[in-house]
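Work through the exercises below with the sequence and the coordinates open. Each task is followed by a solution in steps.

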Amino acid sequence: MTRTARLQGQALQSRHAVELLSEKWRIGLTSRNLYRYTILVIKSFRHQGVERFFRTGSKAGIQPKHASKLRLQLFALDNSRQPGDMNAPGWRLHPLAGELKDHWAVSVSGNWRLTFKFEAEDAVLVDYQDYY
């Protein structure tokens, strides 16, 4: 990450090192070097616990055992421009139907999913749901 990119972003607190490995990304992030750019892609949340976790790192409102994967998925979603950008191995990206038509989901763990919708290049209505 360039010095300019660091100056444009604001530091986020994180307790664990995160490494995102996919075809499009090869970024290593440490607990002190996780930056968010001022142009955010995630514009709205349905789930307050996930929003709080994304903004502050607080695990209140989410399953603590899902924190590492959620952190990685939210970082990826915040840097995605289309649903296909979330198609990382093991995340099982899939479109939803019915009331959630036009929404997408990725697997967090077991029955838990992170769901979202894209409007233009922005992720909206980000939710954390137990499907069953």
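**Exercise 1: the strands and their register**

His103 has Lys117 of β7 as its bridge partner. The model is predicted: local features need pLDDT of at least 70, side-chain atom pairs count only at pLDDT 80 or more, and totals for chains, interfaces and linings use all residues. Residues are numbered from 1 along each chain as its sequence is written, and side-chain values use heavy atoms, with hydrogens and water left out.

Task: state in what order the strands of the open sheet lie, and give the bridges that join them.

Solution.

Step 1. Strands (E, at least two residues) and helices (H or I, at least four) are DSSP runs, numbered from the N terminus. The chain has three helices and eight strands, in the succession α-β-β-β-β-α-α-β-β-β-β from the N terminus on.

Step 2. Two strands pair if DSSP finds at least two bridges between them. Four strands form the open sheet, in the order β5-β6-β7-β8 with antiparallel pairing. At its edges are β5 (94–95) and β8 (122–130), each of which pairs on one side only.

Step 3. Take the pairs in turn:
- β5 and β6 run antiparallel and are joined by two bridges; His94 has Ala105 of β6 as its partner.
- β6 and β7 are antiparallel, with six bridges.
- β7 (residues 112–119) and β8 are antiparallel, with seven bridges; Leu114 is bridged to Tyr128 of β8.

Step 4. Look at the turns. The hairpin of β6 and β7 has two residues between the strands, and Gly110 there takes a positive phi near 55°. In the hairpin of β7 and β8, also with two residues between the strands, Ala120 takes a positive phi near 60°.

**Exercise 2: the helix on the sheet**

Task: describe how α3 packs on the sheet, and list which of its residues are buried.

Solution.

Step 1. Contact means heavy atoms within 4.5 Å. Helix α3 (residues 67–78) touches β6 (103–109), β7 and β8 of the sheet, and its direction makes about 155° with that of β6. Axes here are lines fitted to C-alpha atoms, for helices over the stretch in contact, and angles run from 0 to 180 degrees between N-to-C directions.

Step 2. Check the length. The twelve residues of α3 reach 16 Å from first C-alpha to last, close to the 16 Å expected at 1.5 Å a residue; the expected span is 1.5 Å times one less than the number of residues.

Step 3. Buried means under 20% relative accessible area, exposed over 50%, and partly exposed in between (1.4 Å probe, protein chains only). Ten of the twelve residues of α3 are buried: Ala67, Leu70, Arg71, Leu72, Gln73, Leu74, Phe75, Ala76, Leu77 and Asp78. In β6, five of seven residues are buried. For the chain, buried residues make up 43% of the 132 residues.

**Exercise 3: the core**

Task: name the members of the largest nonpolar core that touch the most other members, and the element that supplies its largest share.

Solution.

Step 1. A nonpolar core is a set of buried Ala, Val, Leu, Ile, Met, Phe, Trp, Tyr and Cys residues joined through side-chain atoms within 4.5 Å. Of the 25 residues in the largest one, Leu74 and Val126 touch the most other members.

Step 2. At least two residues of this core come from each of α2 (48–56), α3, β6, β7 and β8. The largest share, six residues, belongs to α3.

Step 3. Beyond neighbours within four places in sequence, Leu74 is in contact with Ile42, Phe45, Val50, Phe53, Phe54, Leu114 and Val126.

**Exercise 4: two polar side chains**

Task: are Gln73 and Arg52 buried, exposed or partly exposed?

Solution.

Step 1. Gln73 lies in α3. Its relative accessible area is 0%, so Gln73 is buried. Apart from neighbours within four places in sequence, Gln73 is in contact with Met86, Trp91, Val106, Ser107, Val108 and Leu114.

Step 2. Arg52 belongs to α2. Its relative accessibility is 34%, so Arg52 counts as partly exposed.

Step 3. With neighbours within four places in sequence left aside, Arg52 is in contact with Gly57, Ser58, Ala60 and Gly61. The C-alpha atoms of Arg52 and Ile62, ten residues apart along the chain, are separated by 9.4 Å.
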